[in-house]
Amino acid sequence: MTHSSQDAGSHGIQEEGRLYVVDSINDLNKLNLCPTESQHLFSLEDKFPNAGTTPGNGRRGLFFVGLLLVLTVSLALVFFAIFLIIQTGNQMEDVSRRLTAEGKDIDDLKKINNMIVKRLNQLDSEQN
């Protein structure tokens with residue numbers, strides 16, 4: 001809370017530069033009624049004893065950043081694996097189609113071979 005230059009004379013020069021933490025209207029009334037004790041009543045360490053002083057905060061933040069990084073990399077790997085599975089499935093369909101087409105060609109060649117062998121056998125039997 002800031003004071004104007006008119007209030008500075010009534011509260012003193014030391015009071016002008018102080019900052020207070022006020023949690024409720026009751027604390028504000030206590031602040032106005034007891035300005036000399038307000039330093040002890042409203043210090044930030046008393047209201048929030050663990051505010052920024054916990055030694056594990058840095059490690060906890062680093063842990064969450066690392067966890068986020070690991071999850072992101074895992075998600076990317078999963079998407080890459082899904083992509084590879086889809087690509088492999090497409091290639092298998094292509095190979096299957098080719099094998100089916102070649103199988104038909106092989107069957108046609110076998111029929112032609114059988115016809116040639118029969119014709120040759122007929123010609124050989126006619127010559128004898």
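Is Leu75 buried, partly exposed or exposed, and what is the relative accessibility of Leu75? I took this up as the opening entry, keeping in mind that I am working with a predicted model. Leu75 comes out at 47% relative accessibility, and since the exposed class starts over 50%, I have written Leu75 down as partly exposed.

**Entry: the fold as a whole.** I went through the secondary structure and noted six helices and zero strands in the protein chain, so that the order along the sequence, with helices defined as DSSP runs, reads α-α-α-α-α-α. I then looked up burial, and of the 128 residues of the protein chain 7% count as buried. For the accessible surface of the protein chain I noted about 11,300 Å², with 62% of this area belonging to carbon and sulfur atoms.

**Entry: the annotated segment.** I checked the UniProt record, an unreviewed entry, and found the annotation "transmembrane region" placed on residues 62-86. When I compared this range with the model, residues 62-86 turned out to be 100% helix and 0% strand, and I noted 36 Å between the C-alpha atoms at the two ends.

**Entry: the nonpolar patch.** I returned to Leu75, which lies in helix α6, and found that Leu75 joins Val78, Phe79, Ile82 and Ile86 in making a nonpolar surface patch of about 470 Å². Patch members need over 30% relative accessible area, and Leu75, at 47%, is partly exposed.

**Entry: the negative patch.** I next looked for charge on the surface and recorded a negative patch formed by Glu102, Asp105, Asp107 and Asp108. I followed up Asp107, whose place is in helix α6, a helix that runs over residues 57-127. The relative accessible area of Asp107 is 42%, and I have therefore listed Asp107 as partly exposed.

**Entry: the salt bridge.** How many salt bridges does a search of the whole structure find? My search of the whole structure gave one, and I traced a salt bridge between Arg97 and Asp94, whose closest N and O atoms are 3.2 Å apart, against a cut-off of 4 Å. I then asked how the two partners are placed along the chain, and noted that Arg97 and Asp94 are three residues apart in helix α6, which means that about one helical turn separates them. On accessibility I wrote down Arg97 as exposed, at 52%, while Asp94, with a relative accessible area of 33%, is partly exposed.

Notes: Residues are numbered from 1 along each chain as its sequence is written. This is a predicted model: local features need pLDDT of at least 70, side-chain atom pairs count only at pLDDT 80 or more; totals for chains, interfaces and linings use all residues. Side-chain values use heavy atoms; hydrogens and water are left out. UniProt positions are given in the numbering used here, feature names are shortened, and annotations may be inferred rather than shown by experiment. Helices (H or I, at least four residues) and strands (E, at least two) are DSSP runs, numbered from the N terminus. Buried means under 20% relative accessible area, exposed over 50%, partly exposed in between (1.4 Å probe, protein chains only). Accessible areas come from the Shrake-Rupley method with a 1.4 Å probe; for residues, only the protein chains shown count as cover. Patches are made of residues with over 30% relative accessible area and no salt bridge: like charges are joined within 9 Å, nonpolar side chains (Val, Leu, Ile, Met, Phe, Trp, Tyr) within 5 Å. A salt bridge is a side-chain nitrogen of Lys or Arg within 4 Å of a carboxyl oxygen of Asp or Glu. Lys and Arg count as positive and Asp and Glu as negative; His and the chain ends are not counted. The place of a charge is taken as NZ of Lys, CZ of Arg, CG of Asp or CD of Glu.
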